[in-house]
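I opened my notebook today to look at one helix and one enclosed space. Here is what I looked up, in the order I looked.

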Amino acid sequence: MDEKKLKLAAKSILEKKKGIGFTGAGISTASGVPDFRSPTGIWAQYNPREYAYIDSFRKNPKKIWEFFFLREKEFNQAVPNPGHTALAELENLNYIDGIITQNIDRLHSRAGNKNVYELHGSVGELVCLECSRRYKREDSSVDWKESFPYCQCGEILKPSVVLFGEALPHDVFNMAIEIALKSKFMIVAGTSGIVYPAAQIPYMAKRNGSFIIEANMEATPLTSSITDVFLQGRVEEILPLIVENVKKMS
Ligand code: BJW
Ligand code: ZN
């Protein structure tokens, strides 16, 4: 790891004091949850056109549910890794206000982050595309007919995750923008930065003067356009090193 860059990242956090995390699937790979676009990612096995679009769900909800049942099992078996823990520590130490995440796996909350803005929803809720009713997963008024969840109106429910062609939850998206615009630095970790409108957020932060620290195994479209310090490598190694340096230098 490039010591100079690590020190620059830590120094910026100490100087700027108030930041935010922005994460993608790469932060959870060390927990055994695959990302999407890497060679070992989800899309290598499941065609996104068949599994990740809202019209695919409308056409064949049970097929999408089978996919999500497998994913949920993976999430439940996973435990937060040192990357998640490092970000939780930064929030506990008051250096960041929370995490804006595209992940639906709940691992940031389980690691101890209190303010988690889930841009693409999560698997803990269900929503009806017909009547817009929402349910907690464990809500007893959900009718689990033949293992699939049904709304009181009779329609099959959808996991409240954002599929392609669906709008992001407005309140969460607006809060995330507000907090990103206030941030003096942003730690962007483990995202390819190509899915919109989520990917707008680091650009908005940068335009408002935020210092962008990016950690990823590979360069992304953000790296050459807005990133101030690019730390190339595994986030589960880099983020704990950043925290270690912040503590040493404070
Ligand atoms: C590591 C590592 C380690 C790994 N250490 N690094 C043309 C142009 C622009 C936009 C569009 C367009 N055509 C369509 C659109 C819009 C579309 C979009 O952005 N498409 C682009 C892909 C082209 N967006 C949408 O449709 C969004 N909605 C929308 O626009 O609504 C408009 C609307 C308004 C009003 C009414 C109706 C509609 C919705 C986007 C939803 C995204 N959903 C998914 C699936 C969720 C369900 C599921 O889980 O199955 O969300 S797609 C998938 O991508 C998932 C992720 O959250 C998202 C982002 O991926 P992420 O997290 O960045 O993962 P990867 O795999 O891409 O990257 C991982 C990175 O980590 C890599 O760089 C690795 O190197 C790295 N890494 N391990 C360090 N250990
Ligand atoms: Zn309904």
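I started with the lining of the largest cavity, where α6 gives the largest share, three residues. My lining residues have an atom within 4 Å of a cavity point, and a cavity is a set of points on a 1 Å grid over the protein atoms alone where a 1.4 Å probe fits but cannot get out. Helices here are DSSP runs of H or I with at least four residues, and strands are runs of E with at least two, numbered from the N terminus.

I should say early that this is a predicted model, where local features need pLDDT of at least 70, side-chain atom pairs count only at pLDDT 80 or more, and totals for chains, interfaces and linings use all residues. Residues are numbered from 1 along each chain as its sequence is written, and side-chain values use heavy atoms, without hydrogens and water.

I found that the largest cavity holds about 40 Å³ of space, a volume being the space filled by probe spheres set on grid points joined across faces, edges and corners. Its lining includes Thr101, His108 and Glu118.

Next I turned to α1. How far apart are its end C-alpha atoms? They are 20 Å apart, which agrees with the span expected for 14 residues at 1.5 Å a residue, taken as 1.5 Å times one less than the number of residues.

I noted Leu6, Ala9 and Ile13 among the buried residues of α1, buried meaning under 20% relative accessible area (1.4 Å probe, protein chains only). The buried residues of α1 pack against β9, β10, β11 and α10, with contact meaning heavy atoms within 4.5 Å.

Last, I saw that lysine 17, which follows α1, has a positive phi near 70°.

Note on methods. Chains are lettered from A and ligands numbered from 1 in the order in which they are written. Buried means under 20% relative accessible area, exposed over 50%, partly exposed in between (1.4 Å probe, protein chains only). On a 1 Å grid over the protein atoms alone, a cavity is a set of points where a 1.4 Å probe fits but cannot get out, and a pocket is an open set with protein on both sides within 12 Å along at least five of seven lines; lining residues have an atom within 4 Å of a point.
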